[in-house]
Amino acid sequence: MDKKTVVKLQEITKIYESKVMHRALNRLDFEAKEGEFIAIMGPSGSGKTTLLNIISTVDEPTYGTVEIDGINPEQLSEEELAIFRRRQFGFVFQEIHLLQMLSVEENIVLPLTLDAKPVREMEERLARVAEALDLHDILQRRPHELSGGQAQRTAIARALIHRPKLILADEPTGNLDSKSARDVLELLTAINEREKTTMIMVTHDPVAASYCDRVLFIKDGEFFNEIYRDVNRQTFFQRILNVLSLLGGNVHDLRTIPGDFR
Ligand SMILES: Nc1ncnc2c1ncn2[C@@H]1O[C@H](COP(=O)(O)OP(=O)(O)OP(=O)(O)O)[C@@H](O)[C@H]1O
């Protein structure tokens, strides 16, 4: 049976009208099926974050249609949209937005607190994500007492606790050392496989992208190429590098050099 389509973007154009008009996306089509783990890559300024913002309904396209889980967000009121976003999405960013006054535990359950879920349900779900992400020993700590990897795992726990349909990540490993980055990617992969959560991740890092099922490359706001993972992550990584070298752009975008692959 065909997998369900979770995200469907058709002919998306985004024009920023500041002092000079800028076309950040040009007639881009994009689809994500249930359970897919997709990386979006492209040179700096190619429109990756703009695309992610449109998928997450934080921004609207100038032209084109967006459908998330069969719903057109433009037809929702501001309030409905805020609730839709909170329930359907989990966000993981490079800059980890944990609330400093709250403990790790309080940060993680925040999406459930906002939805006024019963305490028992919160506790059960907290226990489950804490176990999966190896966080139980640090639940009472404050964010400033965490390592980068622990803080990112806390942010992932918060993004997962309400079992969203879709996890959206913008450079989730950008600020981590290579060991913590690998831990986070392995965790995301495990969650993706176990829970069938759809994941879309913007990244400059070909190693991070090699954990995904599919890599979409964009250039100047347009579709450039798309490749699918094969059995071997090392060969997938090589193929990603090949497309990146065709894509051109700034070499500084490639924060990981091939020798860094593990
Ligand atoms: N609010 C805005 N107003 C005007 N132009 C913008 C705005 N946001 C983004 N842009 C422009 O749109 C283009 C795409 O930006 P976007 O942030 O989506 O790129 P990106 O691929 O995520 O880049 P990077 O890898 O550097 O984060 C860039 O040329 C950027 O300068």
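**Exercise 1. The three-stranded sheet**

Work out the strand order and pairing of the open sheet of three strands.

*Solution.* Go across the sheet and you read 2-1-4, with antiparallel pairing. Bear in mind as you look that this is a predicted model.

Next, find the edges. Strand 2 and strand 4 (63–68) each pair on one side only, which makes them the edge strands. From one strand to the next, the twist averages 15°.

Now zoom in on one pair. Strand 1 (residues 5–17) runs antiparallel to strand 2, and nine bridges link the two. To get your bearings, take Val7: its bridge partner in strand 2 is Ala32.

Finally, add the helix. Helix 1 lies across strand 1, strand 2 and strand 4, and runs at about 125° to strand 1.

**Exercise 2. The six-stranded sheet**

Trace the open sheet of six strands from one side to the other and say which strands stand at its edges.

*Solution.* Start with the order, which is 5-6-7-3-8-9, with mixed pairing. Strand 5 (89–93) and strand 9 stand at the edges; each has a single partner strand, so one side of each has no neighbour in the sheet. The twist here averages 20° from one strand to the next.

A quick reminder on what holds such things together: strands of a sheet pair through backbone hydrogen bonds, in either a parallel or an antiparallel way.

Then check the neighbours of strand 3 (residues 37–41). With strand 7 (residues 198–202), strand 3 runs parallel, joined by four bridges, and Ile38 stands opposite Ile200 of strand 7. With strand 8 (residues 214–219), strand 3 again runs parallel over four bridges; here Ile40 stands opposite Leu216.

Carry on to strand 9 (residues 222–228). Six bridges join strand 8 to strand 9, and the two run antiparallel. One landmark is Val215, opposite Ile227 in strand 9. The two strands form a hairpin with two residues between them, and Asp220 in the turn has a positive phi of about 50°.

**Exercise 3. Helices on the six-stranded sheet**

Find which strands helix 1 and helix 8 lie across, and at what angles they run.

*Solution.* Take helix 1 to begin with. Helix 1 lies across strand 3, strand 6 (166–170), strand 7 and strand 8, and runs at about 150° to strand 7. Helix 1 also lies across strand 1, strand 2 and strand 4, so put the two results together and you have helix 1 lying across strands of both sheets.

Move on to helix 8 (residues 233–247). Helix 8 lies across strand 3, strand 8 and strand 9, running at about 165° to strand 9.

**Exercise 4. Two partners for helix 3**

Decide how helix 3 is oriented against helix 4 and against helix 5: oblique or roughly parallel?

*Solution.* Begin with helix 4. Helix 3 (residues 104–114) and helix 4 (residues 119–132) pack at about 125°, with axes 10 Å apart. That angle makes the pair oblique. The crossing is right-handed. At the contact, Glu105, Ile108, Val109 and Leu112 in helix 3 meet Met122, Arg125, Leu126 and Val129 in helix 4. By class, that is six nonpolar, no polar and two charged residues.

Now helix 5 (residues 148–160). Its axis and that of helix 3 come within 6 Å and cross at roughly 30°. Angles under 35 degrees count as roughly parallel, and therefore helix 3 and helix 5 are roughly parallel to each other. This crossing is right-handed too. Val104, Asn107, Ile108, Leu110 and Pro111 of helix 3 make the contact with Thr154, Ala157 and Arg158 of helix 5. Sorted by class, the residues come out as five nonpolar, two polar and one charged. Ile108 turns up in both contacts.

**Exercise 5. Around the ligand**

List the residues that surround the ligand, then say which element supplies the largest share of the shell.

*Solution.* Collect the residues: Tyr16, Ser18, His22, Ala24, Gly42, Ser44, Gly45, Ser46, Gly47, Lys48, Thr49 and Thr50. Sort them by class and you get two nonpolar, nine polar and one charged.

Then assign them to elements. Strand 2 (21–33) and helix 1 (48–55) each supply at least two residues of the shell. The largest share, three residues, comes from helix 1.

Conventions: Residues are numbered from 1 along each chain as its sequence is written. This is a predicted model: local features need pLDDT of at least 70, side-chain atom pairs count only at pLDDT 80 or more; totals for chains, interfaces and linings use all residues. A residue is near a molecule or strand if its C-beta atom, placed from the backbone, lies within 6 Å of it. Ala, Val, Leu, Ile, Met, Phe, Trp, Tyr, Cys and Pro count as nonpolar, Asp, Glu, Lys and Arg as charged, and the others, Gly among them, as polar. Two strands pair if DSSP finds at least two bridges between them. Axes are lines fitted to C-alpha atoms, for helices over the stretch in contact, and angles run from 0 to 180 degrees between N-to-C directions. Two residues are in contact if their C-beta atoms, placed from the backbone, lie within 7 Å. Angles under 35 degrees count as roughly parallel, over 145 as roughly antiparallel, 65 to 115 as roughly perpendicular and the rest as oblique. A crossing is left-handed if the near helix is turned anticlockwise from the far one by less than a right angle, and right-handed if clockwise.
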